[in-house]
Amino acid sequence: MTDQTHAQTVLTTQDGVPLKVSISRALRRQKLRSVLLVAPLFLFILISFVLPIADMLFRSVENPLVPGTLPNTVVALQVWDENSGEMPPEEVFAALAADLKVAVAAKTHTRVGSRLNYENPGIASLFRKTGRRVKRFEEGDYTAQFLKADKKWGDVGVWQTIKQFSSPMTAGYFLAAADAQRTADGVQFKPEDERIYLFLFGRTLILSVTITITCILLGYPIAFLLSSLPLRSSNLLMILVLLPFWTSLLVRTSAWKVLLQQQGVINDTLVWLGIVGDDSRLALINNQTGTIIAMTHILLPFMILPLFSVMKTISPTYMRAAKSMGASDWYAFWRVYFPQTIPGIGAGSILVFILSIGYYITPELVGGTSGIFISNRIAYHISFSLNWGLAAALGVMLLVVVMVLYWLYDRIVGIDNVKLG
Amino acid sequence: MTTERGASVRFDKVQKSYDGETLVVKDLNLDIKHGEFLTMLGPSGSGKTTCLMMLAGFEPASHGEIFLNDRPINNVPPHKRGVGMVFQNYALFPHMSVAENLAFPLQVRSLGKAEQQEKVKHALEMVELGEFGSRRPAQLSGGQQQRVAVARALVFDPDLVLMDEPLGALDKQLREQMQYEIKHIHENLGVTIVYVTHDQTEALTMSDRVAVFNDGVIQQLSSPDALYETPQNSFVAQFIGENNKLSGTVTAINDNICDVRLADGTELKADKVNVNAVGDNTTLSLRPERIEIAAVDSMENRVKGHIEELIYLGDHIRVRMNVAGNPEFIVKVRNRAGEQKLAEGQDIQIGWFASDCKALDPVG
Ligand SMILES: Nc1ncnc2c1ncn2[C@@H]1O[C@H](COP(=O)(O)OP(=O)(O)O)[C@@H](O)[C@H]1O
Ligand SMILES: [Mg+2]
């Protein structure tokens, strides 16, 4: 009797191992195998993609320089009210003198200077100049000694800037990226003519939308043709569609330069045909037109492929059914065929739009000054101005814009309606 | 204009080739009457769909003319023909609700909103799907989708409705029910229906007339019972129902009866259907249920058979026997009290009337 109940509660294998244990052992081996299969790629992505991006994002708010180099000043400034309009007390000057002596010995004071210079031009030279003198400062009445070294130390604005950047985190990069600044009256946008990043964001969005639309207009008929042809000829044409992928991006973009420039093939042909005069050659490159033409060409396959794969699944009997019910070709297309291709348009548009919003190399080469994107500005701050914090802040904003648009898209169209194949 | 309901259709010497090399439809002449239920029956690839597509206007005829209500329609585009159509996979628009699907042909015709709703409601009630108007096609079962497809082909009151294997995707029970419903709708509305199927039972139960297709040619056009009782050639005899074949040579012809000698020397009398002269080779066709194992004395044909196999089927017993060298000879014996006891390996006398045995063109 007891034996029986035991057999009922715990099932065992032939060897007497409980069944559950043996199953979980077998499953564990399977799991381990799949983890091991994924592990190399996972590590690679983690090290080469996730961590650098996280680091970069962190740089957009990180502010180690001021608190690290001027630790005593930062503490002393806490008691000073920056909105009072009065100068900081003597203790602050004393702390700054002590910090500067250490910093000058380590030669780090110029770095603080140039960092603060982004926010308040002139501070770099102030720090350099004072750094040369501070070694000779004597004990007592530091205020006067600083003012003697440079009158600018009497400017409350300088101290406000230092205090602003004395916390280890800063919103300063983001304010700059949004064309805003902190003034006595709180955060405000910069004057209209100094706004550069918001303008660039706007242009990037508008051009990306334009490129997406031209891709739809050019890609839709091609995808339609491809999907209605018999397999053999559609395969051949598909190879032609994919041909651009086999050529380097740089080569293709340079080819556009040859074609589009004022003395280029297209202009020469138009002049030769007498369509435009020799003195009024079209400006097709180094402006927005150039960016739109070249990027449409480069991103077109990303529109055609999802459209094609969706159209391929739409049975021609739908059109026949519509026509048998009296619909003309156009009406049948518009009411029956087109709505079924919307998932393809959605997928293609997302791909093209997101690729284009972050595009860098093509606008750089054919966009001139009026056709560049926000990513070109980010690249500039990374490679030339070396203001990585600002570059990171711009990058974060770009990322956020893309996510917001993606979310909106999901709300309006529904991401389930997107079909890639 | 005629006063009859439903359209008439005439195929006049119609030929069709897709590739310019082979004729898929060879010299089709077919008259379909007002309000008729005509079925095109034939094996796969025999050109039935092609004929239907030419009638609907999706494929041009390579030669010949098609008339709809005595009007030539070769140059009329499909959407101007006013022909309803039910497709094998239903072709319900997946992005529209059932009601929107049904309203589509009415919107095309710019009917008023109220009239559209009225007609859609009526059509849904006709196929007993009253509450399903707001569903998407994907939310319906196969049978329900099928009904929607039928309703959609009828909602704009066409004179002619074409159906291409509309029940092919349904299971047997549902198929039988739908056969009955489509037949019922046809009787109520009086539209002309041209129906395509490769299922002979479907063709026989539903149609007024059946056109049996093979190889792009109509083999026989007649009512279902005539098709079964008096096949005009061996293809029809074999395609419709069960059939025993015996090959032989014509030795004499007297009016409608001919004498046939089989390879093993057996002499038989048969109904002369598709033979012309003494000396012709012929295949005799014989339905299994027309063969008797008792009371054969009054019959013209009496032969010995060797029972190979007995299959018990409840209401009748299938007896496979070797008759005149044909080991696949089937006899259906009714399961009745007092019937002779049969056993495998037994030799028995069987017989049949000459009128039940058709002398047709030779096969194989
Ligand atoms: N669009 C087409 N192009 C070329 N050949 C076709 C086409 N449609 C059908 N055929 C050929 O025509 C013949 C008849 O086909 P079909 O009319 O579909 O026969 P069924 O409907 O009786 O099965 C087949 O041999 C088929 O291969
Ligand atoms: Mg077919």
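**Exercise 1. Describe chain B as a whole, beginning with its contacts.**

Solution. Step 1: in chain B, residues 24 or more positions apart make up 67% of the contacts with a separation of 6 or more; contact means heavy atoms within 4.5 Å. The structure is a predicted model, in which local features need pLDDT of at least 70 and side-chain atom pairs count only at pLDDT 80 or more, while totals for chains, interfaces and linings use all residues. Residues are numbered from 1 along each chain as its sequence is written, chains are lettered from A and ligands numbered from 1 in the order in which they are written, and side-chain values use heavy atoms, with hydrogens and water left out.

Step 2: chain B contains 8 helices and 19 strands. Helices (H or I, at least four residues) and strands (E, at least two) are DSSP runs, numbered from the N terminus.

Step 3: along the principal axes, the C-alpha atoms of chain B fill a box of roughly 75 × 45 × 40 Å. Of its 364 residues, 49% count as buried; buried means under 20% relative accessible area, exposed over 50%, and partly exposed in between (1.4 Å probe, protein chains only).

**Exercise 2. Determine how the strands E2, E1, E4 and E5 of chain B are arranged, and which of them stand at the edges.**

Solution. Step 1: these 4 strands form an open sheet in the order E2-E1-E4-E5, with antiparallel pairing. Two strands pair if DSSP finds at least two bridges between them.

Step 2: strand E2 (25-32) and strand E5 (71-72) of chain B each have a single partner strand, so one side of each is left without a neighbour in the sheet. These two strands are therefore the edges.

Step 3: within the sheet, strand E1 (residues 9-16) and strand E4 (residues 63-68) of chain B run antiparallel and are joined by 5 bridges. B:Val9 has B:Leu68 in E4(B) as its bridge partner.

Step 4: helix H1 (residues 48-56) of chain B lies across E1, E2 and E4 of that chain, at about 120° to E1(B). Axes are lines fitted to C-alpha atoms, for helices over the stretch in contact, and angles run from 0 to 180 degrees between N-to-C directions.

**Exercise 3. Explain why strand E8 of chain B is described as largely enclosed.**

Solution. Step 1: strand E8 (residues 192-197) of chain B has 6 of its 6 residues buried, so the rest of the structure largely encloses it.

Step 2: B:Thr192, B:Val194 and B:Val196 point one way from E8(B), B:Ile193, B:Tyr195 and B:Thr197 point the other way, and all are buried.

Step 3: E8(B) runs parallel to strand E3 (residues 37-41) of chain B, to which 5 bridges join it; B:Met40 is paired there with B:Val196. Strand E7 (residues 160-164) of chain B is also parallel to E8(B), again with 5 bridges, and B:Leu160 has B:Thr192 as its bridge partner.

Step 4: from E7(B) the chain passes through helix H5 (residues 172-189) of chain B to E8(B) in a right-handed β-α-β crossover. A crossover is right-handed if, with the strands pointing away from the viewer, the path from the first strand over the helix to the second runs clockwise.

**Exercise 4. Give the strand order of the closed barrel in chain B.**

Solution. Step 1: the 5 strands run E11-E12-E13-E19-E14, with mixed pairing. From one strand to the next, the twist averages 55°.

Step 2: strand E11 (residues 244-254) and strand E14 (residues 281-286) of chain B pair in the antiparallel sense over 6 bridges. B:Asn244 stands opposite B:Leu286 in E14(B).

**Exercise 5. Characterise the packing of helices H11 and H19 of chain A.**

Solution. Step 1: two packed helices are described by the angle between their axes and the distance between the axes. For helix H11 (residues 197-228) and helix H19 (residues 374-383) of chain A, the angle is about 135° and the axes are 8 Å apart.

Step 2: H11(A) and H19(A) are therefore oblique to each other. Angles under 35 degrees count as roughly parallel, over 145 as roughly antiparallel, 65 to 115 as roughly perpendicular and the rest as oblique.

Step 3: A:Tyr197, A:Leu200, A:Phe201 and A:Thr204 in H11(A) meet A:Ile374, A:Arg377 and A:His381 in H19(A). The residues of this contact comprise 4 nonpolar, 2 polar and 1 charged. Ala, Val, Leu, Ile, Met, Phe, Trp, Tyr, Cys and Pro count as nonpolar, Asp, Glu, Lys and Arg as charged, and the others, Gly among them, as polar.
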